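Visitor: I would like a short tour of this protein model. Please show me the sequence and structure to begin.

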Amino acid sequence: MMVTSSQGEPLVAGLVEIHTTFDARDQAMACADRLVRARLAACVQVDGPITSTYSWQGAVEQAEEWRWTCKTTREAAGACAAAIVGGHSYAVPQVVIVPVEATEAYAAWVRSVVAAA
């Protein structure tokens with residue numbers, strides 16, 4: 001069965017979203033700029049601030065963070081994740097890679113931007 005958008009457009013696989021957080025907006029924006037310029041990502045969205053509650057070294061912590069979502073191809077996901085971790089200020093940065101489906105036109109755009117690397 002073919003999956004379609006609400007407008008009846010077929011959705012295609014092969015893209016991923018990569019999610020992470022940063023403790024400062026300027027760090028999130030710098031990483032976004034670096035990955036888009038390197039053509040590892042077609043688009044990065046930064047939103048926040050958000051408040052995260054998490055367990056760290058035996059204590060429950062809360063922190064203001066900036067949420068970061070990257071759109072890229074499945075093939076570029078490993079290089080993208082390595083670039084995030086390599087330039088991140090956290091000892092253990094969140095890097096969550098989620099396969100997504102998108103309209104054919106959007107998926108083609110992402111592939112054209114990332115594949116040009």
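Visitor: Does Tyr-106 count as buried, partly exposed or exposed?
Guide: This is a predicted model, where local features need pLDDT of at least 70, side-chain atom pairs count only at pLDDT 80 or more, and totals for chains, interfaces and linings use all residues. Residues are numbered from 1 along each chain as its sequence is written, and side-chain values use heavy atoms, with hydrogens and water left out. Buried means under 20% relative accessible area, exposed over 50%, and partly exposed in between (1.4 Å probe, protein chains only). Tyr-106 has 30% relative accessibility, so the residue counts as partly exposed.

Visitor: Which residue forms an aromatic pair with Tyr-106?
Guide: Rings of Phe, Tyr and Trp (its six-membered ring) pair if their centres lie within 6.5 Å; planes under 30 degrees apart are stacked, over 60 edge-to-face, and the rest tilted. Here the centres are 5.5 Å apart and the planes meet at 45°, so the pair is tilted. The partner of Tyr-106 is Trp-109.

Visitor: In which helix do Tyr-106 and Trp-109 both lie?
Guide: Helices (H or I, at least four residues) and strands (E, at least two) are DSSP runs, numbered from the N terminus. Tyr-106 and Trp-109 are three residues apart, about one turn of the helix. Both lie in helix 3.

Visitor: How many bridges join strand 2 to strand 3?
Guide: Two strands pair if DSSP finds at least two bridges between them. Strand 2 (residues 43-56) and strand 3 (residues 59-73) run antiparallel. They form a hairpin with two residues between them. The number of bridges is 12.

Visitor: Which residue forms a salt bridge with Asp-47?
Guide: A salt bridge is a side-chain nitrogen of Lys or Arg within 4 Å of a carboxyl oxygen of Asp or Glu. In this pair, the closest N and O atoms are 3.4 Å apart. Asp-47 lies in strand 2 and its partner in strand 3, so the pair ties together parts 20 residues apart in sequence. The partner is Arg-67.

Visitor: Which helix gives the most to the largest nonpolar core?
Guide: A nonpolar core is a set of buried Ala, Val, Leu, Ile, Met, Phe, Trp, Tyr and Cys residues joined through side-chain atoms within 4.5 Å. The largest one has 16 residues, and Leu-35 is among those touching the most other members. Strand 1, helix 1, strand 3 and helix 2 each supply at least two residues. With four residues, the top giver is helix 1.
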